[in-house]
Amino acid sequence: MKRAVTGFPVTAEVVHRFVAGETRADLAPVVGELLASGRMVSVDFLGEYTTERFMADDAVAEYLALIDDLARRRTEAAVRPGAGVVASVEVSVKLSALGQSLGAAGPEIAAENLRTLCARAEQAGVWITVDAEDHTTTEGTESTVRRIRRDHPWLAVATQTYLRRAEQRCRAAAAEGARIRLCKGAYREPDSVAFQRSAEVDESYLRCLEALMGGAGYPMVATHDPVMIAAAQHMAAEHGREPGDFEFQMLYGIRILEQRRLTEAGHAVRVYVPYGTQWYGYLMRRLAERPANLGFFLRALAERR
Ligand code: FDA
C-alpha cells in the first residue's frame, strides 16, 4: 500500500505536502524554511505502535537526537510575549510511543522516558508538548504531565474539546498557569465521553478558549477553523493579551496562506511537523479515525500555496 501511495504522482504529493520526510535529514530543510519565515515548529517523530520495550527505547533515542538537532536551529522567537520566553522549537510526543501501553508497568516506563526527554529539552531550550490520544489514555497522560510539570513547568499537554470534561480541565489548567494546546480532537469517541455533533464541539472549544484566555497560562490555539481563530483574537484582546501571550498552531501543509497571514500580522504561529517512516499510519489513521478528515486533507490540497 505504501509503495502504491508514493507511486502515484497525486498521492505522492499528498504525502509530501503533509509529512516532512522519513529522516531527520529530510526534516532539516523544512524546519529551516519555517523558522526563516518567522513561524515556529513542533516536530512529531512518527514512531511505530509500541508493543515492545526496545521500541520505546528507540523512540527515546530518536527524540534525544531530534532535540539536539532542533537546539542548533533554535531562533529567537519571532514574537516576544509579555511573560516569559517562548521557545521557537518544540517536540510533540505521544506517551504511547514512549511505552505507555506496555502492560502494567507501561505508564511508569512512559513517565520515566518523558522525564529523560524533559531533562535534555530543558538544557537545550526546546519545549515539549504531549499529544492527546484516545480517551482511555487521557487521565493517565494528564496525571503524568501534572507530576512532571512540578520539575519542568513549561511541559504542556493537548486537550481535546470534544471531550465532555474539557472545560473543567481547561479551568484547572488556567488556574495553574499551565501551557496548554487546545484542539477539537481527532479520534472517534463514544457519546458517553465525547460530544458527537460538531456544533457542540465548537461551543466547547469557545468555552475552553475563554477559560484559557482569561487565565494565567499560555494558550496554544491549535485549529484551522476561521471562526475559532477570529474568536481567539477577540478574546485575547478582551483579556489584554498581546500577540505572543498566546500562539496559533496548525498542521504542516494545511492553510499555509493563513499561517503566513497570521505571522505577518504579528501573531506567534507554530507549525506541527510530522516526520518518520511511519507517515503512512499518520495519514491513514487520520482518515480512518474520522472520515471527515478526508475532506480536510483534500481541501488543503486544493488550496494554493
Ligand atoms: P475542522 O476540521 O473542524 O474545520 C473547521 C473549519 O476550518 C472548516 O469548516 C473550514 O472552514 C476550515 N478549514 C479546515 N481545514 C481547512 C483547509 N485546509 N483549508 C481551508 N479551510 C479549512 N488531535 C488530537 O486528538 N490530539 C492532538 O494531540 C492533536 N494535536 C494537534 C496539533 C495541532 C497543531 C493541530 C492543528 C491539530 C491537532 N489535532 C490533535 C487535530 C485536531 O484535533 C483536529 O482533528 C484537526 O485540527 C481538525 O480540526 P480544526 O479545528 O482544524 O477544524
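Let me start with one pair of residues, because a single pairing is an easy way into a fold: serine 92, in strand S2, is the bridge partner of aspartate 44. Please keep in mind throughout that this is a predicted model.

That pair belongs to a longer run, since strand S1, residues 40–45, is joined to S2 by four bridges, and the two strands run parallel. On to the next neighbour: S2 is also joined to S3 by four bridges, again in parallel, and here valine 93 has valine 130 in S3 as its bridge partner.

Now, how many of the five residues of strand S2 are buried? The answer is five of five, across residues 89–93, so by the cut-off of under 20% relative accessible area this strand is mostly covered. As a general point, side chains in a regular strand alternate between the two faces of the sheet. In S2 you can follow this on the model, where Val89, Val91 and Val93 point one way while Glu90 and Ser92 point the other way, and all of them are buried.

Let us turn to the other side of S1, where S1 and S8 pair in the parallel sense over six bridges, with methionine 40 standing opposite arginine 270 in S8. Strand S8 covers residues 268–275, and because eight of its eight residues are buried, it is largely enclosed by the rest of the structure. On one side we find Ala268, Arg270, Tyr272 and Pro274, on the other Val269, Val271, Val273 and Tyr275, and both faces are covered. S8 is also joined to S7, by five bridges and running parallel, and in that pairing methionine 250 has valine 271 of S8 as its bridge partner.

One residue deserves a pause, and that is tryptophan 127, which sits in strand S3, residues 127–130. Is tryptophan 127 buried or exposed? Its relative accessibility is 10%, and because buried means under 20%, it counts as buried. Leaving aside neighbours within four places in sequence, its contacts include Val89, Glu90 and Val91, and among the others are Trp154, Arg179, Tyr218, Glu247 and Arg270. The C-alpha atoms of tryptophan 127 and serine 42 are separated by 8.4 Å, although the two residues are 85 apart along the chain.

Next comes the ligand, which is surrounded by 25 residues, the closest being Ala132, Lys184, Gly185, Thr223 and His224. Which elements supply at least two residues each to the shell around the ligand? They are strand S4 (156–160), strand S5 (179–183), strand S7 (247–251) and helix H12 (292–302). Sorted by class, the shell holds 13 nonpolar, five polar and seven charged residues. Looking at individual atoms, a nitrogen atom of the ligand is 2.9 Å from a polar backbone atom of alanine 132, and a nitrogen atom of the ligand is 3.1 Å from an N or O atom in the side chain of arginine 181. An oxygen atom of the ligand, in turn, lies 3.0 Å from a backbone N or O atom of alanine 186. Taken alone, the ligand exposes 950 Å², and the protein buries 85% of that.

Finally, let me step back to the whole protein, whose secondary structure comes to 12 helices and eight strands. Of its 305 residues, 54% are buried, and among contacts between residues at least 6 apart in sequence, 73% join residues at least 24 apart. The accessible surface comes to about 13,600 Å², and 54% of that belongs to carbon and sulfur atoms.

Key:
Residues numbered from 1 in each chain as written. Predicted model: local features only at pLDDT ≥ 70, side-chain atom pairs only at ≥ 80, totals over all residues. Heavy atoms only, no water. Near = heavy atom within 4 Å. Polar contact = N/O pair within 3.5 Å; in protein donor to acceptor, adjacent residues only side chain to side chain. Areas by Shrake-Rupley, 256 points an atom, 1.4 Å probe, with all protein chains shown as cover. Nonpolar A, V, L, I, M, F, W, Y, C, P; charged D, E, K, R; others polar. Buried < 20%, exposed > 50% of the residue type's maximum accessible area, 1.4 Å probe, protein only. Contact = heavy atoms within 4.5 Å. Pairing = 2+ DSSP bridges.
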